[in-house]
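Colleague: Could you take me through this model, one question at a time? I would like the reasoning along with each answer.

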Amino acid sequence: MDRIFKIAVLGSSSVSRDSDDGRKAYSIGRSIATEGYVLLTGGCTGLPHAAVDGATSAGGLTVAVSPAKNRKEHDEVYGYPLDSFITLFTGMGTKGRNVVLIRSADACVFVGGGMGTLNEFTIAYTDLGSSGAIGVLAGSGGLSDEIPKLVSLEQREPRARFLVDPDPEALLDKIFLHLRDQKSGGR
């Protein structure tokens, strides 16, 4: 059976899904689903949920890794949506959820974001293996625009393939190529 890749889309939960970056996140989610891959998010609003909307519009499978212990907490404490995805409740809070989310992904795509996104990035930087990929949508604002600078300050390269591009489709093409290459035993 062929391996189905899981790609996490991470970014600001406070940026409108109707913004320019929201439309880019939607496009990213749609492309992930069109490839037949699974979209992972933290189950939040904003840019990750825009990616969910894109994936579901293409009939894709979306999975939310929630910081909450149940549906009630997911909705009432975190204020996160309960539609459009399968939800896995970790009960671990956002930092614990981030570890589960990132370690479950084959690749991570960063769009905009704040301190939570930075936490997700540092986990991806240290925990994704060489078969994985970290993609950053350049020009999407927030912490994503600072990630390449942070990587340049680090004394070591991430184990995962590190990719940056301002075009969502070009970024995903690079990620998909890397994942397929790794699956086929390439470099």
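Colleague: Is G112 buried or exposed?
Modeller: Happy to start there; this is a predicted model, in which local features need pLDDT of at least 70, side-chain atom pairs count only at pLDDT 80 or more, and totals for chains, interfaces and linings use all residues. Residues are numbered from 1 along each chain as its sequence is written, and side-chain values use heavy atoms, with hydrogens and water left out. Buried means under 20% relative accessible area, exposed over 50%, and partly exposed in between (1.4 Å probe, protein chains only). G112 has a relative accessible area of 3%, so G112 is buried.

Colleague: Where does G112 sit, and what is the C-alpha distance between G112 and S144?
Modeller: G112 is placed in the loop between β5 (107-111) and α5 (115-127); helices (H or I, at least four residues) and strands (E, at least two) are DSSP runs, numbered from the N terminus. With contact meaning heavy atoms within 4.5 Å, and neighbours within four places in sequence left aside, G112 is in contact with G11, S12, L47, T117, S140, G141, L143 and S144. G112 and S144 are 32 residues apart in sequence, while their C-alpha atoms are separated in space by 4.9 Å.

Colleague: Which residues of α5 are buried?
Modeller: α5 has 13 residues and reaches 18 Å from its first C-alpha to its last, close to the 18 Å expected at 1.5 Å a residue. That expected span is 1.5 Å times one less than the number of residues. The buried residues pack against β1, α4, β5, β6 (133-137), α6 (147-153) and β7 (161-165). They are T117, E120, F121, I123, A124 and Y125.

Colleague: D127 is in α5 too, so which class of accessibility does D127 fall in, buried, partly exposed or exposed?
Modeller: Leaving aside neighbours within four places in sequence, D127 is in contact with R103 and R159. From the C-alpha of D127 to that of Q182, 55 residues along the chain, the separation is 17 Å. The relative accessibility of D127 is 28%, so D127 counts as partly exposed.

Colleague: What covers the buried residues of α4?
Modeller: Helix α4 (residues 93-104) has 12 residues and reaches 16 Å from its first C-alpha to its last, close to the 16 Å expected at 1.5 Å a residue. Its buried residues are G93, G96, R97, N98, L101 and I102. Their cover includes β1 (6-11), β2 (38-41), β3 (62-66), β5 and α5.

Colleague: How do α4 and α5 lie against each other, and what is the hand of their crossing?
Modeller: Their axes are 9 Å apart and pack at an angle of about 45°, where axes are lines fitted to C-alpha atoms, for helices over the stretch in contact, and angles run from 0 to 180 degrees between N-to-C directions. The contact is made by K95, R97, N98, V99, L101, I102 and R103 of α4 and G116, N119, E120, I123, A124 and D127 of α5. Angles under 35 degrees count as roughly parallel, over 145 as roughly antiparallel, 65 to 115 as roughly perpendicular and the rest as oblique. α4 and α5 are therefore oblique to each other, and their crossing is right-handed (the near helix is turned clockwise from the far one by less than a right angle; anticlockwise would be left-handed).

Colleague: What is the orientation of α1 and α2 to each other?
Modeller: The axes of α1 and helix α2 (residues 46-57) come within 6 Å and cross at roughly 40°. Residues making the contact include D21, G22, A25 and Y26 of α1 and L47, A50, A51 and D53 of α2. α1 passes α2 in a right-handed crossing. By their angle, α1 and α2 are therefore oblique.

Colleague: Which residues does S31 touch?
Modeller: S31 belongs to helix α1 (residues 20-34). Its relative accessible area is 12%, so S31 is buried. Not counting residues up to four places away in sequence, S31 touches E169, L172 and F176.

Colleague: How many disulfides does the structure hold, and why is C108 in no bond with C44?
Modeller: A disulfide is a pair of cysteine sulfur atoms within 2.5 Å. The sulfur of C108 is too far for a bond, because the closest cysteine sulfur, in C44, is 13 Å away. C44 is buried at 9% relative accessible area, and C108 is buried at 0%. The number of disulfides is zero.
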